[in-house]
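Please look over the model shown here, paying attention to the surroundings of its ligands and to the backbone geometry of its loops.

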Amino acid sequence: MPSPSDRAPSSPERMPSPPGRAPSPDRAEDGPRARGCEERGFFTLEEVLGLPGCPGIDDLRGRRLAVVECGHAIPCDPCQWACPTGAITIGDDITALPVLDPARCDGCGTCQPVCPGLAIFLVDMRRDDGRAEVWLPHEFLPVPQKGETVLVRDRAGTVVGEGEVRRVRRGARLDRTTIVHVLVPEELAMVARAIEAPR
Ligand code: SF4
Ligand code: SF4
């Protein structure tokens, strides 16, 4: 997979919207959310659900979708360029927040490893055993192994339960990002955002 710099022009002047995509979204509502995150160090679930990159709970039912938890007006957009279906739109203003169109997201996960902010998660609600599969970018050691039980943490870093590692992906094709697939109780699908592997 090419690096983001291979795909993305480097200045706003050179940043046309990908063909057929929407113009930049209105960012007027984003200030208070971003300030709340800066003050406490993380977004609350309620704030995440209000982000334009977050699908609704109804959208997630029975599907695997990207959850783009990107709420700061930073100059960044590789997710927009990486998405093969046009499900993520940032538009001509490179500091606009990414907007996810759940109808166009097929849950491929291509956007996840290109995000330098580790702000993209995949949530898979297609199982029928009361568990959800969450794809988490993981930049800590140790890297967990398939089949291991790991501690699951929320956005604040609080342990909220345990999960089972279903798969671990890493390597140059993922831009050297390790992606850990973790099975968690369904009610933690939008809560589990980090893991701690056994040492
Ligand atoms: S998961 Fe795939 S289709 Fe969905 S937003 Fe990411 S790259 Fe696009
Ligand atoms: S790549 Fe990540 S940090 Fe950059 S705009 Fe997309 S979601 Fe936000």
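The report below takes up the two ligand shells and then some backbone features of the loops.

The structure is a predicted model. Around ligand 1 there are 13 residues, of which Cys83, Cys105, Cys108, Thr110 and Cys111 come nearest; by class, this shell has eight nonpolar, four polar and one charged residues. The shell around ligand 2 includes Cys70, Cys76, Cys79 and Cys115, and among its other members are Val68, Asp77, Pro78, Pro98, Pro116, Gly117, Ala119 and Ile120. The residues around ligand 2 divide into ten nonpolar, one polar and one charged.

Turning to the backbone, most residues other than glycine have a negative phi, and most peptide bonds are trans. Two residues other than glycine with a positive phi are set out here, each with its value and its loop.

| Residue | Phi | Loop |
|---|---|---|
| Leu118 | near 50° | between β3 (99-100) and β4 (120-124) |
| Asp175 | near 60° | between β7 (159-169) and β8 (178-185) |

Why does Leu118 count as partly exposed? Leu118 has 16 C-beta neighbours inside 10 Å, and this count places it in the partly exposed class because that class lies between the limits of 12 or fewer for exposed and 20 or more for buried. Asp175 is likewise partly exposed, since 17 other C-beta atoms lie within 10 Å.

A cis peptide bond, with omega near 0°, leads from Leu141 to Pro142, and Pro142 has its place in the loop between β5 (131-138) and β6 (149-153).

Methods. Residues numbered from 1 in each chain as written. Chains lettered and ligands numbered in written order. Predicted model: local features only at pLDDT ≥ 70, side-chain atom pairs only at ≥ 80, totals over all residues. Near = placed C-beta within 6 Å. Nonpolar A, V, L, I, M, F, W, Y, C, P; charged D, E, K, R; others polar. Helix = DSSP H or I, 4+ residues; strand = E, 2+ residues; numbered from the N terminus.
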